[in-house]
Every structure is written in structure tokens, then in C-alpha cells.
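Student: I am new to this structure and would like to know how its descriptions are justified. Could you take me through it?

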Amino acid sequence: MGKSRYNIRHYPGFLWITVLCLVLLYAPLIVVMAYSFNDSLSITQWGGFSLRWYHDLFTGVESAKFKRAAVNSLFIALTAGVISTALATAAAIAMVRGGSFRGKTLSFGMISIPILVPEIVTAVAMLIFFTSIGLKLGYLSIVIAHIVFCIPFAYLPISARLQGIESAFEEAAQDLYAGRWQAFRYVLMPILMPGILSGFLLAFIISLDDFIITNFVKGAGMETLPTAIFGAVKQGIKPNIMALSTLLLLFSVFIVTLSYRLGRTNAKNSTH
Amino acid sequence: MAAIGSGKTVSSTYAPVRGWLLLPTWLTIGIFMLMPLGVMLVYSFLTKEFRGGVLWEFSFAAYDQFIFDRGLFGDEAPSIEWTYITIFFRSLVHALIATFFCLLIGFPTAYYIATRPTGSRYLWVYLITIPYWVNLLIRTVSMKFLIRDNGPINQALLNMGVIDAPIHLINTNVAVQLGLFYSYLPFMVLPIYAAVERYNISLSEAGADLYAGRWTILRTILLPVVKPGIIAGCILVFVPSLGAFLAPDLLGGAKTFMIGSLIEEQFKGTASNWPFGAAASMILLSIILAVLMLYARSQARGQV
């Protein structure tokens, strides 16, 4: 095949638009990361490389506030991540291994609702609901809201992996007199584990990064990292916030990469 | 339904216990997602109290306030209240513009990635997906930092002598549209990528054999085939853009108010009118459900 005129796969300019797309997506993040190492009080002037804002983050005046927010965020993300992953795993097994049944489409619709409804509407609905049933806004209201919101994110990788695993494994176990629970615990779960972990990591990061819903249902005096960052940014973008953002950003990239890798290894194993 | 749960053979190893397995999820989403939406609907028909609470008296006041202006004491002849209609209209325009530009950049990107060799394709997809998982708040703040009057872009342009005065973007409609575009761009690329990846390239080759030019092939063969992916991408960008809060709040000002900001103000801000906030949320939700239903219908028709 000739390269220029007859390569119908190739469209002139598409490569440059792709490069532009990546530049647009990454430039703001990279600039903020670069400026977090700026040795200057002003966010406009470049004063040389330094780690002073990272030092400030852990020892400065606001360090106690950020530490508390970080502990809250991690606690909430772990709790919501574990619970939503457990719910999503059970649901995925019913959906993928439960045969065809009435209400399957409806169940899938239910699981998708938290993604389909705009976040701000979910936030409003939950705030009104928690207030009207008299639940005090705080840890519990945030964790409940995050569990609901995280279910579809945990569900998708788990059900995708489950579809890649042949049911012959569990059937063989059951032929050998393993009960349904034993077949799950000792046969299916170990093979499904990368999918479960991948789902957990996505749920964890979705919870850790959530701002809008948390902002509505957190109540007074409670802060997570995103709400603390938002509060600080309202007074102007300060260098220590850029350092904190950089750390959170790199952490997200790390967790998501880990989740992807787990998803990929599982796909490879199950085809053998 | 065909999208999820339809393997080659329907496996039913866990069929006898599927009800028990689904129950926890049903209960969680039913109690903490559907019921709240129901309670929100009820709230939108309640009467607001002066200090931000509600009175349990049925009223259309929240929806009425949305459309009519009855003067400060509510005793004047109603005239159309344009404030909120304008905010909704502005949100629609912002969301449409963001969707258009996402498509303009997203389609060529998705096509380019989908036609790479398998190995590098995964890397490209990974690079496009990563920004989606990064905290949206941090991304929006980064955009604000970048386009400030004395931000890095303006400084670089000033230093190079391209401009004499900084380009003022913050608090303008353009900044909000840029923010929306930037926030949801990955949503456009991924479904189009998936559609182009499934596209049978020999269709293009057949077109070329019949002396069609590259752009004719693109317009008459490729675009119609990958249209479902394009529509899915447009919806995935349009829906969250319409209800966006962070982009208008951080990049915009009073003149760029969007639905999300209007709703937020009723609960967290000074306006403090819960029934009105609930009503605005209901209207937003209805618009989005209408869009999703149109989409579902077009999908169903396409499959027949």
C-alpha cells in the first residue's frame, strides 16, 4: 500500500489534534505541579526550585487542618470503598452468573442511577433526605452518600472481569461436592480477585476525590481534603495548596494505574 | 441490557441465590438514592420558611418563582421572570458549546488512537483516561491558575511581546466554556474510540477502490457507522456540563451563573431557599432524563 494518497487509515492533521488534545489535558496539571516547587512567596514569580511548600504543608500553620482532613478523607474512602465493593461484587455475581431473569434490566438501571443523575442533584437530594430523617450531618452521612455513589464504579470492572471467567471452574468445584459458598470462596473469588481489587481502587479514588456531594452532606466543621482545598482556594491559590494538590494528584494517578494493571493481568490469566 | 451481563452463554451457577445477592444493592440504592430523589420532589412543593427551613404546606411557589415575577410582596400582577430562565438558557448554551468543541478535538483524537497498533493504543487510551480520574476540583483550580490575568500563559505571551496587555479570561463565559471543555473532554474521546476500534476498515478500503477520496469516505462511510459512539460521547459531555458547578464557580463570575451555581446557592449560599433549590434540581433532572430517553429511543431504533 502506498503511503501518502492511498493510506485511507491516515487523515492529515489528526496526529496534531491528538497531540493538542493531550497538551490541553495535561498542561494545567503540569504547570501547577511545577509551581508547587517554586521557592517564592508570590505565585507569579519563579524564584527557583525548592521543597519549602511541601515542608510547609507538613509542619506549617495549616498542617494540623490538612492532616485532619487527610485522615477524614482516607477513613471515608476506605469505608465507602470496602462496602460499595462488597455490594457491587454480590450484585455482579447475580447479574453475570444468575442466568436470565425478570428485573435484570431494572437492576442494571438501578445500579446505573448514581452515574446518570447529575452530581449536584444527588447532593441536593441526599442533603434534603438526611435532614428530613434527622440524621446528623457528618461522617455517617458522607460515608452513606459515597457508598451509593461508588457502587457503579466498583461494579463495572468487577462485572467486566467476571464475564471473562468461564463458569466451568465453579461448575467443576460443585461437581466435586463443593457447596455454592465454598465454590465461591475457594474457586471463583481467587480468580476474580484482581477485578474486585480493581473495582475497590476505583471506588476508593472516586470517594477520595469527591467534592460536590461531600460539600453538601458534610455538615459544619467537618472537612475532607477536597473541601479543605476548595475552602482555601476561595481565598486565592496559595503555593501550599499547589503542593497539596500535586500530592493528591500523583496519588490518584498511582491508584488508577494500579487498578488498570490489576484489570489487565486478570484478563490475561482468564484466557489461559 | 445487552451491554452488561450477556456473555456468549448465559451462565447461571448462582441463579438460586441471585435475589439475596442483589438485595443489599437494591436496598442501598433504593433507600439512599431513589427515596432522596422522591423526598426532593416533595420538598419542591413545600413552602419556604424565612430562615432557610420549610413549612409542610403544599405550594407551587418554588416553580412559580422560577417563571413569574410577582413583585417584592407577591401582590403584583405576574410578569415573566427572566432571571432563572436566562440561567437555564445560558447553561444549555455553555453545555452545547463545550460539547461541540469536545467533538471537534475528540473525534480526530479518538480516530487516531483507534488506528494505532494494539501495543501503543493502550498507552494512548491510558493517557486520555488518567485526567478523568484526577480530582475535578484540582483540575479546575489548575485551569484557573493557568489562565489568570497574571498567570503563566499571559506572562509568557507578554514576555514574548505577542500581547501588550494580559488577555482577560477569568470570570468570562469563555473561561467557563473552556473549563467545561477541559473537564469532560475524555468523556468524548472514549466512546468514539470504542466505536472506531470496532469499525471494519475494509469498508473504507472498498470506498477507496471505488475512487472515493479520504474525506468523502470519512463523511459518507465512517461517520454514519460510528455515529452511536459520537452520540454517546456527546451525551456524556453534555449531561455533566449542564449540571456543572465547579467550572462556573471557580472560573466564572456573577455574569456566568449556571444551573449548578444557582442550586448550590439555595443550600450553601446566601439565598437559602430549599424548596426553590429542590425545584431547580427537579427541572435540571427532567431535562437530563428527557435527553437520556431520546438517546435510549434512538439506540433502540438503531438496533432493529
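Tutor: Gladly! Let's start with a term: pLDDT is the predictor's confidence in each residue, from 0 to 100. This is a predicted model, and chain B has a mean pLDDT of 87, with 95% of its residues at 70 or more.

Student: Which elements of chain B have the highest and the lowest mean pLDDT?

Tutor: Helix 1 of chain B, residues 18–43, has the highest, 95, while strand 2 of chain B, residues 54–55, has the lowest, 80. Over residues 1–8 of chain B, the pLDDT is below 50. Where pLDDT is low, the predicted coordinates should not be read in detail.

Student: What makes up the side of chain B that touches chain A?

Tutor: Chain B brings 78 residues to the contact and chain A brings 81. Helix 1 of chain B gives the most to the chain B side, with 16 residues. By class, that side has 54 nonpolar, 17 polar and seven charged residues.

Student: How do you know that the span of helix 4 of chain A agrees with what is expected?

Tutor: Helix 4 of chain A, residues 104–116, has 13 residues, and at 1.5 Å a residue it should span 18 Å; its end C-alpha atoms are 18 Å apart, so the two agree. Helix 4 of chain A also has a kink of about 30° at A:Met110, shortly before the proline A:Pro114.

Student: Why is A:Met110 called buried?

Tutor: A residue is buried if 20 or more other C-beta atoms lie within 10 Å of its own. A:Met110 is among the buried residues of helix 4 of chain A, with A:Ser107, A:Ile111 and A:Pro114, so A:Met110 meets that cut-off. What covers these buried residues includes helices 3, 5 and 6 of chain A together with helix 1 of chain B.

Note on methods:
Residues are numbered from 1 along each chain as its sequence is written. Chains are lettered from A and ligands numbered from 1 in the order in which they are written. This is a predicted model: local features need pLDDT of at least 70, side-chain atom pairs count only at pLDDT 80 or more; totals for chains, interfaces and linings use all residues. Helices (H or I, at least four residues) and strands (E, at least two) are DSSP runs, numbered from the N terminus. Two residues are in contact if their C-beta atoms, placed from the backbone, lie within 7 Å. Ala, Val, Leu, Ile, Met, Phe, Trp, Tyr, Cys and Pro count as nonpolar, Asp, Glu, Lys and Arg as charged, and the others, Gly among them, as polar. The expected span of a helix is 1.5 Å times one less than its number of residues. The bend at a residue is the angle between axes fitted to the seven residues ending there and the seven starting there. A residue is buried if 20 or more other C-beta atoms lie within 10 Å of its own, exposed if 12 or fewer, and partly exposed in between; C-beta atoms are placed from the backbone.
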